[in-house]
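Please open the model in your viewer and keep the selection tool at hand. The tour proceeds stop by stop, and each stop says what to select and what is found there.

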Amino acid sequence: MGTDTRQLLEELREDHRNMALVLNVLEEITDSARSGDDPDFDLVDEIMRYMTVYPDAVHHPKEDVVYDELKKGGSGQVAGLDDVPADHREIAELGTKLRDDVEAINAGAAVRREHFVEDASKYVRRLRKHMLWEEEDLFKRVDEMLGEDSLAIDVERFRHIKDPVFELEIESGFKRLMTSLKSG
Ligand SMILES: [Fe+2]
Ligand SMILES: [Fe+2]
């Protein structure tokens, strides 16, 4: 079981590396929109669809399971953990807002460019801050618990879920995103 948990933590770290790449693409688009260029909203739509179907639907629930185990681990491990579900919820809400902007724009509605830039910047900032906190604090606490070999997490329910962009490159719904990741 210890090995599975170690692997799960490695998957979480890899998810973060992948999400960081996607956030870089989103940030570039946001910066060019801020300076007056017309963003590729179909690409932003793919990015936000990816964020909904993988990080929000798989990565964060996986973390919730890990953090629940940490909570059981005693007093030294629990600092800040109660904030995580609210953090994940807030990130998902900011993501939904941004998705709504982009869907409205793609449907021809008049959404102001500044509005998109503001929502996208907020989303990138918020998710980066959350990931950094996890990497520098929470993941290290999980490492420590693994060192004691006392952490057993049932990861079976996540085993069949693949990342549609980074693992299943063939997924046709993310062509633009995959192209921009390769050229970036
Ligand atoms: Fe998280
Ligand atoms: Fe995370």
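The tour begins with the whole chain, then visits the metal site, and ends with selected residues and one helix.

**Stop 1: the whole chain**

Display the chain as a cartoon, bearing in mind that this is a predicted model. How many helices and how many strands does the chain have? There are six helices and zero strands, so the order of elements from the N terminus reads α-α-α-α-α-α.

Next, show the C-alpha trace, which spans about 55 × 35 × 25 Å along its principal axes. The radius of gyration of the chain is 18 Å; because a compact globule of 184 residues would have a value near 16 Å, the two agree. Of the 184 residues, 43% count as buried. Consider also the contacts between residues at least 6 apart in sequence: 79% of them join residues at least 24 apart.

**Stop 2: the iron ion (ligand 1)**

Select the iron ion (ligand 1) and show the side chains around it. Which residues coordinate the iron ion (ligand 1)? They are Glu63 (OE), His88 (NE2), His130 (NE2) and Glu134 (OE), at 2.0 to 2.1 Å. Read along the sequence, these donor residues follow the spacing E-x24-H-x41-H-x3-E.

Why is the arrangement around the iron ion (ligand 1) called irregular? The four donor atoms subtend angles of 86 to 177°. Four donors count as tetrahedral only if all angles lie between 85 and 135 degrees, and the arrangement here is irregular because of the angles it contains. Now highlight two of the donors, Glu63 in helix 3 and Glu134 in helix 5 (residues 113-147). This pair ties together parts of the chain that are 71 residues apart in sequence. Both Glu63 and Glu134 are buried.

**Stop 3: the iron ion (ligand 2)**

Keep Glu63 selected and add the iron ion (ligand 2). Glu63 bridges the two iron ions, ligand 1 and ligand 2, which lie 3.2 Å apart.

The protein donors of the iron ion (ligand 2) are His16 (NE2), His59 (NE2), Glu63 (OE) and Glu134 (OE), found 1.8 to 2.2 Å from the ion. The angles among these four donor atoms run from 78 to 170°, and the site is irregular. The sequence spacing of the donor residues is H-x42-H-x3-E-x70-E. His16 belongs to helix 1 (residues 2-34) and His59 to helix 3 (residues 55-72); this pair, 43 residues apart, links distant parts of the chain. Are His16 and His59 buried or exposed? Both are buried.

**Stop 4: His59**

Select His59 alone, in helix 3. His59 has a relative accessible area of 0% and is therefore buried. Leaving aside neighbours within four places in sequence, His59 is in contact with Leu12, Asp15, His16, Met19, Tyr54 and Glu134. To follow one of these partners, measure from His59 to Asp15: their C-alpha atoms are separated by 7.1 Å, although the residues are 44 apart along the chain.

**Stop 5: Ile91**

Move to helix 4 (residues 84-106) and select Ile91. Ile91 counts as buried because its relative accessibility is 0%. Beyond its neighbours within four places in sequence, Ile91 is in contact with His60, Tyr123, Arg126, Leu127 and His130. One of these partners, His130, was met earlier as a donor to the iron ion (ligand 1). The C-alpha atoms of Ile91 and Asp56 are 8.4 Å apart, while the two residues are 35 apart along the chain.

**Stop 6: Thr30**

Return to helix 1 and select Thr30. With a relative accessible area of 2%, Thr30 is buried. Its side chain reaches the backbone oxygen of Leu26 at 2.6 Å. Beyond neighbours within four places in sequence, Thr30 is in contact with Val117, Ala120 and Ser121.

**Stop 7: the two sides of helix 6**

Finally, select helix 6 (residues 175-183), in which Leu177, Met178 and Ser180 are buried. Where do these residues sit around the axis? They cover an arc of only 165°, so they lie on the same side of helix 6. Colour the face turned away from that buried side, and the exposed residues Lys175, Thr179, Lys182 and Ser183 appear there.

Note on methods:
Residues are numbered from 1 along each chain as its sequence is written. Chains are lettered from A and ligands numbered from 1 in the order in which they are written. This is a predicted model: local features need pLDDT of at least 70, side-chain atom pairs count only at pLDDT 80 or more; totals for chains, interfaces and linings use all residues. Side-chain values use heavy atoms; hydrogens and water are left out. Donors are N, O and S atoms within 2.8 Å of the metal (3.2 Å for Na, K and Ca); water is not among the atoms, so sites may look incomplete. Four donors count as tetrahedral if all angles lie between 85 and 135 degrees; four count as square planar and six as octahedral if opposite donors are over 155 degrees apart and all others between 65 and 115; anything else is irregular. Helices (H or I, at least four residues) and strands (E, at least two) are DSSP runs, numbered from the N terminus. Buried means under 20% relative accessible area, exposed over 50%, partly exposed in between (1.4 Å probe, protein chains only). A polar contact is a pair of N or O atoms within 3.5 Å; within protein, one must be able to donate a hydrogen and the other to accept it, and residues adjacent in sequence count only if both atoms are side-chain atoms. Contact means heavy atoms within 4.5 Å. The arc is that of the directions from the helix axis to the C-beta atoms. The radius of gyration is taken over C-alpha atoms; the globule rule is 2.2 Å times the number of residues to the power 0.38.
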